[in-house]
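Biologist: Please take me through a single part of this model in detail, namely the packing of one helix against the sheet and the core around it.

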Amino acid sequence: MGRQHAEPATLTAHHDCEFRQMLDHVGDKWSLLVIAMLEQRPAKRARFSELKRSIPGISQRMLTATLRSLERDGLLTRDVFPEVPPRVEYELTPLGRQFMQPVRGLVEWLQANWSAIRAARDTFDRRSRNREASLPRLVASR
């Protein structure tokens, strides 16, 4: 019997709670930053303190939770070295490195289209301000 190939995924094909949870997780700002910071390292690995210093604004608690989640999802590994004090390093797995391919594509698309996005935002903001400015006149005239 030949192998059956799954149909290509569509954006609405996965209503499974775990699948959506994974999308939310890898799409959050801390997970992407942790993965990007690890990917930029020559060995694709770093200690907790190095990651903390390289990600402005992340708390120790949030970094710990993010690293655990990424480890659980198989995107990075946690290696504990039997030293005093213990040394712990995090490294991207092949799955974590592979994850960066579509992320790089998204970043390249954002860079190529940033001026159009900025212009659309400016236009929207101007229209919103104009609507808000005209609202009191509409209410007062009734």
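**The helix across the sheet**

Modeller: Helix H2 (residues 29–40) lies across S1, S2 and S3, and runs at about 95 degrees to S3; helices (H or I, at least four residues) and strands (E, at least two) are DSSP runs numbered from the N terminus, while axes are lines fitted to C-alpha atoms, for helices over the stretch in contact, with angles from 0 to 180 degrees between N-to-C directions. This is a predicted model, in which local features need pLDDT (the predictor's confidence in each residue, from 0 to 100) of at least 70 and side-chain atom pairs count only at pLDDT 80 or more, whereas totals for chains, interfaces and linings use all residues. Residues are numbered from 1 along each chain as its sequence is written, and side-chain values use heavy atoms, with hydrogens and water left out.

The sheet beneath this helix is open, with three strands in the order S1-S3-S2 and antiparallel pairing, where a pair requires at least two DSSP bridges. Its edge strands are S1 (45–47) and S2 (76–81). S2 pairs with S3 (residues 87–92) over six bridges, and Val80 stands opposite Val88 in S3.

H2 also gives six residues, the largest share, to the largest nonpolar core, a set of buried Ala, Val, Leu, Ile, Met, Phe, Trp, Tyr and Cys residues joined through side-chain atoms within 4.5 Å; buried means under 20% relative accessible area, with a 1.4 Å probe and protein chains only. That core has 22 residues, and Val34, Leu38 and Leu51 have the most contacts inside it. Val34 touches residues including Leu51, Leu67 and Leu76, not counting those up to four places away in sequence, contact being heavy atoms within 4.5 Å.

How values were computed. Buried < 20%, exposed > 50% of the residue type's maximum accessible area, 1.4 Å probe, protein only.
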